[in-house]
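Hi,

Here is the structure we talked about. Have a look at it first, and then read my notes underneath.

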Amino acid sequence: MREGTVRRVAVGIGAVCLLIFPMVVGQYAVHVANIAGVYVILTLGMYLSFGLAGQMSLAQGAFWGIGAYSTALLMKNLGLSFWIALPLSAVAAAVFGMVVCLPAIRVRKFYLGMATVGVQVVASLVFMNWVPVTGGANGMGGIPAPAIGPLVISSQHDVFYLILVFTALAYFGARRLRVSRIGRSCEALREDPLAAQAAGIDIVATKLLAFGLAAFYAGAAGSLYAVQIHYIEPKVFELSVSVAVFAMLFFGGHRIPEGAVVGAVTLILIPETLKFLQNYYMALYGAGIILLLVYHPEGMVSLLSRWTEPIRRAISRRLGGPVSQERIAVRPDSLIGGQR
Amino acid sequence: MNSDLALNLQLLASGLAIGSIYGLIAFGINLIYRAVSVVNFAVGELVMLGAYFGSLLALSLGLPLPLAMVIALVGSVGVGLLLERTTYTPLRNADLHMVVVATIGASIFLQEFSRIIWGAQVRQFPAIFDVKSVDIGNIHLSPQYLVILAVTAVLLLSLYLFFQRTVAGKIMEAVAQDKDTAALMGIKVNRWTTVTFGMHGLLAGIGGLLLAPLFLVFPTMGFLVGMKGFCASMIGGFGNMQGAVIGGLLVGLVETFGAYYIASDYQDGFAFIAVVAVLALRPRGIFGEPVAEKV
């Protein structure tokens with residue numbers, strides 16, 4: 001059996017496990033899994049802007065909120081179907097992301113992060129204070145459940161499959177984008193904006209696109225969140241979310257979409273599974289980020305794949321296939337001794 | 001005196017006072033940026049720790065306030081140095097983005113650390129003067145505003161003299177301008193980088209002690225203050241020392257007057273809106289150093 005087949009079998013087993021997951025666990029576990037799915041999409045968005053294009057953005061929580069509020073307004077006030085509300089919300093967030101980040105894009109590298117904090121802070125204030133539209137601190141309740149014809153997706157178990165589909169779409173979309181022309185332009189921009197420009201890449205358009213894509217993902221995540229919880233309030237879409245999503249991306253590995261998935265899922269699951277850590281987990285993440293950067297800047301995914309390397313080799317050898325090299329390639333040169 | 005004028009003068013005083021603290025923080029941010037080309041996201045947490053140290057020493061340990069403040073500032077310098085050792089030193093040869101991300105990690109860690117150790121509840125800070133307000137005609141000023149203005153004025157003047165007139169200041173300037181040449185001149189660049197981080201911690205700590213009586217003390221008190229320090233630094237002109245002060249005062253005034261005349265709910269947003277406005281008109285900030293890249 002060849003390595004490729006082994007991988008395919010492993011992916012298949014994983015997919016089946018995900019499909020039967022909600023049938024074998026309780027309501028609360030499914031709820032946590034749904035939240036994790038939403039965060040995976042948010043973090044994948046952050047991967048596209050920061051991991052791929054090197055544009056530091058700490059406004060992911062704001063874009064998430066725009067998506068959630070758009071969906072709530074479109075479904076509640078205009079009575080639109082979820083299937084129209086979701087793309088509209090994602091596009092609304094993307095347009096908002098591109099417009100507000102237009103002035104921010106002028107700012108030099110690290111200060112861009114600061115400028116996006118401003119976007120986040122102002123958006124949070126608007127969610128909180130624009131009472132006629134957002135309901136202010138009381139939030140918005142009674143967001144209807146999405147439906148496919150007569151089939152209403154209302155329970156957490158049903159929503160799980162909905163979120164699973166979109167999370168998968170987001171993940172494979174990000175993977176596809178990474179190797180596309182757009183993804184290559186983004187990487188060129190990240191590594192050396194001047195050289196990218198010299199190579200004929202429109203760096204302004206690429207920066208805007210990176211922000212737009214991140215916001216698009218966040219908008220879709222917001223839409224899903226709104227129909228999962230049926231109630232949204234401004235304190236959900238705070239700066240702390242943007243920082244947490246940033247931490248998730250770095251925890252998993254910021255240069256690969258897999259890192260976003262692993263980072264988001266672990267950061268959501270750890271406080272749930274290790275209740276005794278509840279108080280400490282954010283502090284541990286803060287310290288963990290520094291330690292990872294110092295000792296292993298590629299993140300957990302590449303660390304895990306290094307740790308499981310002997311096992312995978314052993315399986316491969318047992319099955320008589322050729323022994324493959326490390327699968328997840330992270331170019332170390334882009335991390336160490338880069339632009340100074 | 002007419003009461004509108006009195007009100008505006010009161011707003012002016014509080015705006016300048018808050019603004020001079022932002023200026024102080026922006027000064028520290030620029031110091032670091034010029035020395036090592038990174039920005040420190042955890043600057044607000046240095047402010048918060050300065051306030052905590054002062055509050056704990058003065059109220060929980062009952063030390064006399066001046067002694068508590070001195071020890072708190074020593075602690076702030078220590079935290080600045082610790083920050084260098086943990087986030088800058090191990091990563092200085094890597095992509096500098098990594099250092100910035102590490103300071104975000106430090107910011108999360110310090111916020112959570114202080115919440116775990118000292119709890120989320122808001123702490124008091126002893127007032128420096130017992131008087132409720134200083135009255136000039138019908139203008140009522142909090143004495144704390146006057147303390148802030150006096151302390152920052154003295155501090156900024158001494159910083160100016162330090163950088164203009166002392167050998168140490170000149171050495172730091174040389175290191176900021178060209179590390180390699182400075183090293184060839186026999187300057188121990190790494191040692192002076194450490195001094196810069198210590199000064200960064202000191203300035204942030206002073207900011208914290210000055211803010212504490214106004215804001216009270218809690219784990220997240222510093223984050224937005226730090227971000228507004230960055231706003232001040234961007235408005236004044238990236239890395240420009242006078243710019244930091246002018247930018248800080250501007251942010252303080254915009255925020256105070258905006259909160260009163262436009263919308264108090266949006267007080268924390270005005271600083272960022274001011275940044276966007278200034279950058280749209282002058283992409284390099286007021287004092288013209290390149291803060292933006294041309295797009």
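Which residues make a nonpolar surface patch of about 500 Å²? They are A:Val16, A:Leu19, A:Ile20, A:Met23 and A:Val24. Before you go hunting for them, keep in mind that this is a predicted model.

If you want a way into that patch, start with A:Val16. You'll find A:Val16 in helix H1 of chain A, which covers residues 3-24. A:Val16 has a relative accessible area of 49%, so it counts as partly exposed.

For a contrast, go to helix H4 of chain A (residues 82-105), where A:Ser89 sits. A:Ser89 is buried, with a relative accessible area of 0%. Leaving out residues up to four places away in sequence, A:Ser89 touches A:Gly67, A:Ser70, A:Thr71, A:Leu74, A:Gly219 and A:Ser223.

Next, the nonpolar core. The largest one holds 190 residues, and the members that touch the most others in it are A:Tyr39, A:Trp64, A:Ile232 and B:Phe27. I followed up on B:Phe27: setting aside neighbours within four places in sequence, B:Phe27 is in contact with B:Leu156, B:Leu159, B:Phe163, B:Leu203, B:Met241, B:Ala244 and B:Val245.

And the cysteines? How many disulfides does the structure hold over all chains? Zero. Two cysteines to look at are A:Cys17, which is partly exposed with a relative accessible area of 44%, and A:Cys186, which is buried at 2%.

Cheers

How values were computed: Residues numbered from 1 in each chain as written. Chains lettered and ligands numbered in written order. Predicted model: local features only at pLDDT ≥ 70, side-chain atom pairs only at ≥ 80, totals over all residues. Heavy atoms only, no water. Patch = residues over 30% accessible without salt bridge, like charges linked within 9 Å, V, L, I, M, F, W, Y side chains within 5 Å. Areas by Shrake-Rupley, 256 points an atom, 1.4 Å probe, with all protein chains shown as cover. Salt bridge = Lys/Arg side-chain N within 4 Å of Asp/Glu carboxyl O. Helix = DSSP H or I, 4+ residues; strand = E, 2+ residues; numbered from the N terminus. Buried < 20%, exposed > 50% of the residue type's maximum accessible area, 1.4 Å probe, protein only. Contact = heavy atoms within 4.5 Å. Disulfide = S-S within 2.5 Å. Core = buried A, V, L, I, M, F, W, Y, C linked by side-chain atoms within 4.5 Å.
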